[in-house]
Amino acid sequence: VSQNIPTEVVPPGSVMRRWRDLRDARVLKILSTTAAFAAPMARRTICMAHGFPRADAQGWPKAMAVVATHKLANAAAGVQLVAVSHYAAVHLRTIFDVEVDAVVHNPLNPVFLKPCEGEPEERRYITYVGRLIAAKNLHRLLPPVRELLDENPGLRVCVIGDGNRRGELEAMATGDDRFEFAGEREPEFVRNQLRRTRLFFSGCETEALGLAYLEALAQGCAVAMPACGGGLEIAPEQAGRRVHFLPLSFEFREVLATLRRALRSEPGAVDLSGYSADAVAREYLKVDARFDAGGRYRRNPSNRA
């Protein structure tokens with residue numbers, strides 16, 4: 001980070017072997033979901049809530065295990081819980097009775113913040129990036145996307161990612177060579193593809209924030225996303241301009257109308273410097289400032305997100 005503070009990334013399975021660091025109030029610990037089981041033994045620690053559990057996608061045992069890690073964070077005096085969006089914080093509080101102490105958005109991979117070099121790419125793609133699972137609702141979006149291709153000769157679709165629904169989605173596009181399934185790819189490939197993209201689309205109604213939205217907006221794409229989720233917090237001033245909202249019904253004609261409007265948007269990158277690694281690290285340091293010299297944090301309702 002810009003303050004040149006030494007940092008170390010520790011695999012979740014190794015956290016419990018770092019007992020001295022866990023108990024050391026001079027060391028700030030930021031624990032992901034799996035590592036949060038160490039929270040009761042820790043001091044001066046921030047646990048992360050990457051979203052809220054979905055029993056339909058994760059199954060009840062895993063969903064309840066995630067809730068348990070958040071409850072452990074709430075119960076520990078030397079621990080704060082941070083959510084990646086106010087949307088996630090609201091659901092954790094109202095559905096699971098989990099207290100969220102602060103909201104800090106996810107950082108954007110630096111690759112996507114680099115300025116474009118050379119001549120602008122021709123934007124002739126509609127692109128999706130993410131896991132190919134039922135929760136992303138691609139099976140409901142591909143039919144209206146195909147209709148959009150029929151209306152706009154020369155456009156193509158690129159689907160980047162993998163998951164247990166890939167075979168089903170590829171079968172839906174069988175015989176149509178305008179669809180490309182690229183599988184999982186490195187960030188540089190994704191960035192270059194987005195620079196050739198007019199419209200990025202996604203269909204997860206419970207997206208906690210949406211790094212893929214950030215990546216697309218940073219590369220000048222228009223974005224079509226459900227009218228729900230943490231992605232609404234990214235660039236609200238771009239609603240109706242660069243960001244267009246899909247109906248939660250996913251009704252074919254309504255989705256198609258939204259995609260048509262989004263496709264007419266003029267390309268233009270959105271300033272997302274607030275999502276750089278430095279900016280996000282500074283937000284975590286603000287949260288860290290709430291700890292006292294002994295690494296304790298006493299919850300105050302006025303400090304909650």
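A polar contact is a pair of N or O atoms within 3.5 Å; within protein, one must be able to donate a hydrogen and the other to accept it. That cut-off matters at threonine 127, where this report starts. The model is predicted.

## Threonine 127 in strand S5

Threonine 127 belongs to strand S5, residues 125-129. Its relative accessibility is 0%, so threonine 127 counts as buried. Which side chains make polar contacts with the side chain of threonine 127? One is the side chain of glutamine 193, at 3.2 Å. Another is the side chain of threonine 197, at 2.7 Å. Both values fall within the 3.5 Å cut-off.

Threonine 127 also has a wider set of neighbours. Leaving out residues up to four places away in sequence, threonine 127 touches Cys158, Ile160, Gln193, Leu194, Thr197, Leu199, Phe200 and Phe201. Strand S8 spans residues 197-201, and helix H7 spans 187-194.

## Strands S8, S9 and S10

S8 pairs with S9 in the parallel sense, over three bridges. In this pairing, phenylalanine 200 stands opposite valine 223 of S9. S9 also runs parallel to strand S10 (residues 243-246), joined by four bridges. There, alanine 224 stands opposite histidine 244 of S10.

How many of the five residues of S9 are buried? Five of five are, and the strand (residues 222-226) is mostly covered.

Strands of a sheet pair through backbone hydrogen bonds, either parallel or antiparallel.

## Helix H8

The link from S8 to S9 involves helix H8. S8, H8 (residues 211-218) and S9 make a right-handed β-α-β unit.

Why is H8 described as largely enclosed by the rest of the structure? Because seven of its eight residues are buried. The buried residues are Ala212, Tyr213, Leu214, Glu215, Ala216, Leu217 and Ala218. The cover over them includes S5, H7, S8, S9 and S10. S5 is the strand that holds threonine 127.

Just after H8, glycine 220 takes a positive phi of about 90°.

## The four-stranded sheet

A further sheet is open and has four strands, in the order S1-S2-S3-S4, with parallel pairing. Its edge strands are S1 (29-31) and S4 (102-103), each pairing on one side only. S1 and strand S2 (residues 45-49) pair in the parallel sense over three bridges. Leucine 31 has cysteine 47 of S2 as its bridge partner.

## Positive phi outside glycine

Most residues other than glycine have a negative phi, and most peptide bonds are trans. Two loop residues depart from the usual sign. Arginine 44 has a positive phi although it is not a glycine. Aspartate 97 has a positive phi too, again in a residue other than glycine.

| Residue | Phi | Loop | Relative accessible area |
|---|---|---|---|
| Arginine 44 | about 50° | between S1 and S2 | 18%, buried |
| Aspartate 97 | near 55° | between helix H4 (86-96) and S4 | 57%, exposed |

Which of the two labels, buried or exposed, applies to arginine 44? Buried means under 20% relative accessible area. Arginine 44 has 18%, so it is buried. Exposed means over 50%. Aspartate 97 has 57%, so it is exposed.

## Aspartate 288 and its contacts

Arginine 44 also appears among the neighbours of aspartate 288. Aspartate 288 is found in helix H10, residues 277-288. Its relative accessible area is 10%, so aspartate 288 is buried. Which residues does aspartate 288 touch, not counting residues up to four places away in sequence? They are Leu28, Arg44 and Ile46. Of the strands above, S2 covers residues 45-49, and Arg44 lies in the loop between S1 and S2.

## Rings

The count of aromatic pairs comes to four. One of them joins phenylalanine 291 and tyrosine 297. The pair is edge-to-face, with 6.1 Å centre to centre and 70° between the planes. Both phenylalanine 291 and tyrosine 297 are buried.

A charge sits over another ring. The charged end of arginine 185 lies over the ring of phenylalanine 189, 3.8 Å from its centre.

Methods. Residues numbered from 1 in each chain as written. Predicted model: local features only at pLDDT ≥ 70, side-chain atom pairs only at ≥ 80, totals over all residues. Heavy atoms only, no water. Helix = DSSP H or I, 4+ residues; strand = E, 2+ residues; numbered from the N terminus. Buried < 20%, exposed > 50% of the residue type's maximum accessible area, 1.4 Å probe, protein only. Contact = heavy atoms within 4.5 Å. Phe/Tyr/Trp six-rings, centres within 6.5 Å; stacked < 30°, edge-to-face > 60°. Lys NZ or Arg CZ within 6 Å of the ring centre and 35° of its normal. Pairing = 2+ DSSP bridges. Right-handed = clockwise from strand over helix to strand, strands pointing away.
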